[in-house]
Amino acid sequence: MIIKKKGNWFKMLFEWNGSVLPQLMPRLILLLLFSIVVVYFKPFLLEHNLHINPAIFTLFGIALAIFLGFRNSVSYDRFWEGRKLWGALLNDTRSLARQSHSLIDSSDYDEKREEFINLLIAFVYSLKHQLRHTDASNDINRLVSKDFANTLKEVHFKPIILLRELGNWVKTAKKEGKLDGMSQLAFEENLNKLSDIVGGCERIASTPIPYTYSVLLHRTVYIYCFMLPFGFVETLGWITPFAIVFIAYTFVALEAIADELEDPFGLQPNDLALDTMSQMIENTLLELNDKKITPQNNSKYYYIT
Amino acid sequence: MIIKKKGNWFKMLFEWNGSVLPQLMPRLILLLLFSIVVVYFKPFLLEHNLHINPAIFTLFGIALAIFLGFRNSVSYDRFWEGRKLWGALLNDTRSLARQSHSLIDSSDYDEKREEFINLLIAFVYSLKHQLRHTDASNDINRLVSKDFANTLKEVHFKPIILLRELGNWVKTAKKEGKLDGMSQLAFEENLNKLSDIVGGCERIASTPIPYTYSVLLHRTVYIYCFMLPFGFVETLGWITPFAIVFIAYTFVALEAIADELEDPFGLQPNDLALDTMSQMIENTLLELNDKKITPQNNSKYYYIT
Amino acid sequence: MIIKKKGNWFKMLFEWNGSVLPQLMPRLILLLLFSIVVVYFKPFLLEHNLHINPAIFTLFGIALAIFLGFRNSVSYDRFWEGRKLWGALLNDTRSLARQSHSLIDSSDYDEKREEFINLLIAFVYSLKHQLRHTDASNDINRLVSKDFANTLKEVHFKPIILLRELGNWVKTAKKEGKLDGMSQLAFEENLNKLSDIVGGCERIASTPIPYTYSVLLHRTVYIYCFMLPFGFVETLGWITPFAIVFIAYTFVALEAIADELEDPFGLQPNDLALDTMSQMIENTLLELNDKKITPQNNSKYYYIT
Amino acid sequence: MIIKKKGNWFKMLFEWNGSVLPQLMPRLILLLLFSIVVVYFKPFLLEHNLHINPAIFTLFGIALAIFLGFRNSVSYDRFWEGRKLWGALLNDTRSLARQSHSLIDSSDYDEKREEFINLLIAFVYSLKHQLRHTDASNDINRLVSKDFANTLKEVHFKPIILLRELGNWVKTAKKEGKLDGMSQLAFEENLNKLSDIVGGCERIASTPIPYTYSVLLHRTVYIYCFMLPFGFVETLGWITPFAIVFIAYTFVALEAIADELEDPFGLQPNDLALDTMSQMIENTLLELNDKKITPQNNSKYYYIT
Amino acid sequence: MIIKKKGNWFKMLFEWNGSVLPQLMPRLILLLLFSIVVVYFKPFLLEHNLHINPAIFTLFGIALAIFLGFRNSVSYDRFWEGRKLWGALLNDTRSLARQSHSLIDSSDYDEKREEFINLLIAFVYSLKHQLRHTDASNDINRLVSKDFANTLKEVHFKPIILLRELGNWVKTAKKEGKLDGMSQLAFEENLNKLSDIVGGCERIASTPIPYTYSVLLHRTVYIYCFMLPFGFVETLGWITPFAIVFIAYTFVALEAIADELEDPFGLQPNDLALDTMSQMIENTLLELNDKKITPQNNSKYYYIT
């Protein structure tokens, strides 16, 4: 996810990196060339009545804008729901870390508590890796015992098994008399919430917008843009290619952004900054456990609030 | 539900299976033929002033797009709510499975716990079968005792009776002193959530969008599309049939997708993948209970996260 | 609420009962006649410059479509919220019925439990009758004791007094040592939810969409439709009446549906099927209490899932 | 809030009181006169080319409709959220009243219970008065002890201090052994909800839609309406004034309704009926405490369900 | 955030401070000058066919309005969610303050309770300062002990460490026998909510609308506005500059407001009044602890309800 300081309104007009423009360039150049060809053959088209009345483009362009608006809302909602889930992940892990202080009535529990915090951190990283289909073992190895790391290597739903381990940690603490049944349930409630977060992320990742929608809008947007020159060649002449590319840019770019946001856990420029967020959760959990945040933990994103 | 790897933007234009195009083909061909007839009789129409001013089509086409946009949002919301309910089903069954470990204070309870897990899995399958009006007995027989399977055969609301059985399992565990009153309530809370999920699915399945809406929009879309040739025959000539079919395709396809998504639990290509999801829930619950997932359980959809 | 099996796309075009068409017919015929008169006086209108530029109709028609879209969303949301509340009613009464099994630790409580289930069923029916301003006494008399039925006759907020009685039933069970304080609270929580459902239904029933909105849109839609002939008489000639009636049908029908859905608890064709739903809740609660569902309870809607 | 029985569709066209028409009349008459002047100077305008192409009005009118649609949604959401909060107020006070029966294990507590119910009613009225900036003392004096009424006179956030008193009542009941710690928490939970309701109402009342939005749309709507005659004078002639006033009426009225609904707790005709609702809550709470509702309590709005 | 008494409808047309007009003035003047130049070169443009058909502006303008409508909804939702979080902050701190009275069973706890209230107030201010990247030490120093203020100076996530301290205060009270385990959990629940609020604010502050959206719309709006004169110069003549600036004002101003609301915690005129709200929370918490609100606490915003 690209977070940039906004420049003034004028510079923003010429922004390059922060947009989907680079990726769309080839297609827009293709459209430009195509439009130029159409303008070149204008006399031929007029002669054979092969130009189209602009009225039909107005009608259809507005309809298309309405449908694109719908697609955008849906994609953005998925993006924002993904973000909310990771926000809830931050909140709940913090609450669990705090409760490992306030609900456990013992001063000689620092080592055990650190184990708990590390399990929480491992849970966060393993969720990130699951969503991105990357290898979690590096992060898991530095955070949990060797034995448990081996168990985790075998299983498919790593975050869920980590949750079970967190539940067992609480159960053990209860058995050792460090907390009562009520407090155990307070922990359990937050573990349930973590289970909801895992499932929510899996839901977004595994259920894209019905593919038919994507195909329909993708197809319609591009066919529409490549038909546009025929509609305006008569009245706009050599202005056509530039006007058409400008309009096409907006339609095509919105479709492209919607397509990127649809899967917010990916690695495209507009996707969620899961790396930064995992790092930030690790930092705040360590701080809650009175650890100094050492330089190697301290990424450049540290001060994101 | 069709989940495909997206091809590049160009190939996607010619996608066939992932769209509703096959199903709509006959109607679009009908419209094409009709348009050709209209163009053929153009001189006759002009002579008798039977062509229509395009302005009225612009006006009405945009109004129609707005109403279709509304219908689409509503249908998609139903689809997504259905998906959320099945996501919650995953989360809550996982939480219950985890709590059967962390809240039950006993090491000699493995067999009983397996019974509980199997009841949970049977609950999931029986909900699927109820929503699809299919026969649940195969799945139920392999998961619950013969006696209880017979009881279930008689009842109408199978998932609800399974929920009661899950509640009774917890009650028995409490009686046997394996958990206290507080922990029982923690189980009960999650069982309540499962009850909400069943009811939520039933609500979506039994209450379609008011039929009048569907009729009104269906009728309007098709009448509109078949009137279109009269509006553009004068200005577009022989381009008319192709332009009209392209526009009609978008309107008609959106109506068709909205119609499919309206009942997300059906068996049409864009409906929810209930089979895959049930299988996946079974797998994750088995894993939570330290079972190796055996090949026969391991469907090709297994790695959906 | 009309639930119909959808016919094929072609038959659906000529659907009559499932639409608001019958109710709107007289107005549409009036409009048709009016349009014919306008077309008849076309020469006179043109002579005195009394026809209107279609541009202004396009502008205003689209604006109107946007406002109608807003009204439709709001009405549909009310309809769907009403449906959700009745769905929650199903879920919560089921949960309470289940808990009357799993939380009450006694085998000699069948008679008392039946009393509880009957109170729940009476609660559902009394809510239905309150929302429809119909007489609840028949349903109440067959479900509760004579004494309590008499008390209920006197009171204004029957479902609320039934809730208090349900609360007292639980209190008595606790006094008799059948459940502990914790379990009582589990019941109380679900009773609170029922209280929320009653209040939610009352809110929808007692607070329509601000009347000014309804008046404004109703007025604008009809004035607009009756002005339309003046805008298109010049260009469309004798096609005018049919084109105008088709457009008017869509606008007017959407307004009419929105008006029906606004109060989802009424008795109009598109309103919620409260009778069926009450019956279905009764059936599922009886089944949860191991009662065979006798034929007289078994309505034709029984298999709605 | 005006709640009227809907007349038939025809009478509704001429509704006067239920609309914002009276309030807008002067402005619309001004616009009418202005349009007449513009039409009168039509030759002069045409001569100096001071009329405007209608195309630009179509473009801008539709854009304006979209923005007005946004403003309307936001205002209506505020109205409906306000209504939901008062609905929740009804639900929660009812739940508290019910729990004062079902959770307090004592038959000699009727007097004390009445004190509790009266505190609840006083809480409702004091919230109403706070939201309307009116004097709460009449309602408070008839419901609470003199001493406490004096305390309340001094404080700024009356409903909050009443909540604390409700909490103290529960604490006292616990001290007297009438309820246990668990039940106290059940009360506390509902008191927390009341705290949320107070804060929710304060939020809506104290945070209007950003003023810039209101100014921008207000200004644009009126400038647009007063420019309209210049756009249509050429094509519409003497029909201009009437057509313009009709269009302006819709735009201006929607802006006016949105403006009214923005603060739903006010005293304008479309605002929430807080008086009726407070009265209704008082009635239902009294009934829950087995009080006959005496005539003076029985307002004409009583039967609102 | 600017809260103004609304003037009458006429004065509101000429509002200056409450709008984004001042900030946009330079750009609009630039556009005005540019338009004048375009009109001046009108003969040259017409001669070389360098004017553009207005139809394409209508098409694109409406599409742009739809996309701007989407951007506005998203920004406003962020603004309103931010407001809701601060509303919840008020509610939860009030609930905690009330519970420090009703759940702690001791009359000699006034001093300790004041410490708790002060920690709550410090929590509110430190959240405000974190969101605005300002220095929290002044507010923290006047509210917490010197030792703890020093600890806070070192940490990055101050509100979270303050939450831990609040949790420890409750733990201590439990150890001293002033409250039982159940009541501790009631406090913990509200502390969890505060943790959610912190995380929610951080989420909005750290995750802007995907930058690509902002760039795309910003660019499109301005290019569109600067192209407009070419479209209307032929038909509007010297009216062009004024008409164009009026249209541009609406589009550009909406984009500017959306941009401001996107980060609701900033210091721009339309952002949330965090100073006032913090002050108001302090006042209501002090009142709940029977403190007279002294003049220096009593800001001019005091009476905001």
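**Figure 1. Chain A and chain E as rotated copies.** In this predicted model, chain A can be laid on chain E with an RMSD of 0.0 Å by a turn of 72° and a shift of 0.0 Å along the axis, where the superposition is a least-squares fit on the C-alpha atoms of residues with pLDDT of at least 70 in both copies. That is the relation of a five-fold axis. The copies use different surfaces, since 5% of the contact residues of chain A recur in chain E, and contact here means heavy atoms within 4.5 Å. Residues are numbered from 1 along each chain as its sequence is written, and chains are lettered from A in the order in which they are written. Because the model is predicted, local features need pLDDT of at least 70 and side-chain atom pairs count only at pLDDT 80 or more, whereas totals for chains, interfaces and linings use all residues; side-chain values use heavy atoms, with hydrogens and water left out.

**Figure 2. The interface of chain A and chain E.** At this interface, 74 residues of chain A are in contact with 68 residues of chain E, and the two chains bury about 6600 Å² between them, 67% of it on carbon and sulfur atoms. Buried area is the accessible area (1.4 Å probe) that two parts lose on being put together, summed over both. The rule finds 3 salt bridges across the interface, a salt bridge being a side-chain nitrogen of Lys or Arg within 4 Å of a carboxyl oxygen of Asp or Glu. Glu188(E) and Arg98(A) meet in a salt bridge through their side chains, at 2.8 Å from N to O. There are also 21 residue pairs in polar contact, both residues at pLDDT 80 or more; such a contact is a pair of N or O atoms within 3.5 Å, and within protein one atom must be able to donate a hydrogen and the other to accept it, while residues adjacent in sequence count only if both atoms are side-chain atoms. The helices that each supply at least two residues to the side of chain A that touches chain E include H3 (54–102) and H8 (181–206) of chain A, where helices are DSSP runs (H or I, at least four residues) numbered from the N terminus. The largest share of that side, 23 residues, comes from H3(A).

**Figure 3. The interface of chain C and chain B.** Here 75 residues of chain C are in contact with 68 residues of chain B, and the area buried between these chains is about 6600 Å², of which carbon and sulfur atoms give 67%. The count between chain C and chain B is 3 salt bridges, and Arg164(B) and Asp290(C) meet in a salt bridge through their side chains, at 3.2 Å from N to O.

**Figure 4. Chains that do not touch.** No contact joins chain A and chain D, whose closest C-alpha atoms lie 11 Å apart. Chain C and chain E do not touch either, and their nearest C-alpha atoms are 11 Å apart.

**Figure 5. The surroundings of Ser75(D).** Ser75(D) is found in helix H4 (residues 54–102) of chain D, and at 0% relative accessibility it counts as buried, a word that means under 20% relative accessible area, with exposed over 50% and partly exposed in between (1.4 Å probe, protein chains only). The side chain of Ser75(D) reaches the backbone oxygen of Ala258(D) at 2.8 Å. Not counting residues up to four places away in sequence, Ser75(D) touches Ile209(D), Ala258(D), Leu261(D) and Glu262(D).

**Figure 6. A salt bridge between buried residues of chain B.** Over all chains the structure holds 65 salt bridges, and in one of them Glu262(B) pairs with Arg71(B), the closest N and O atoms being 3.4 Å apart. Glu262(B) lies in helix H11 (residues 240–262) of chain B and Arg71(B) in helix H4 (residues 54–102) of chain B, so the pair ties together parts that are 191 residues apart in sequence. Both Glu262(B) and Arg71(B) are buried.

**Figure 7. A salt bridge from a loop of chain C.** The side chains of Arg142(C) and Glu282(C) form a salt bridge at 3.0 Å from N to O. Because Arg142(C) lies in the loop between helix H5 (137–141) and helix H6 (146–154) of chain C and Glu282(C) in helix H11 of chain C, the pair ties together parts that are 140 residues apart in sequence. Arg142(C) is partly exposed, with a relative accessible area of 44%, whereas Glu282(C) counts as buried at 4% relative accessibility.
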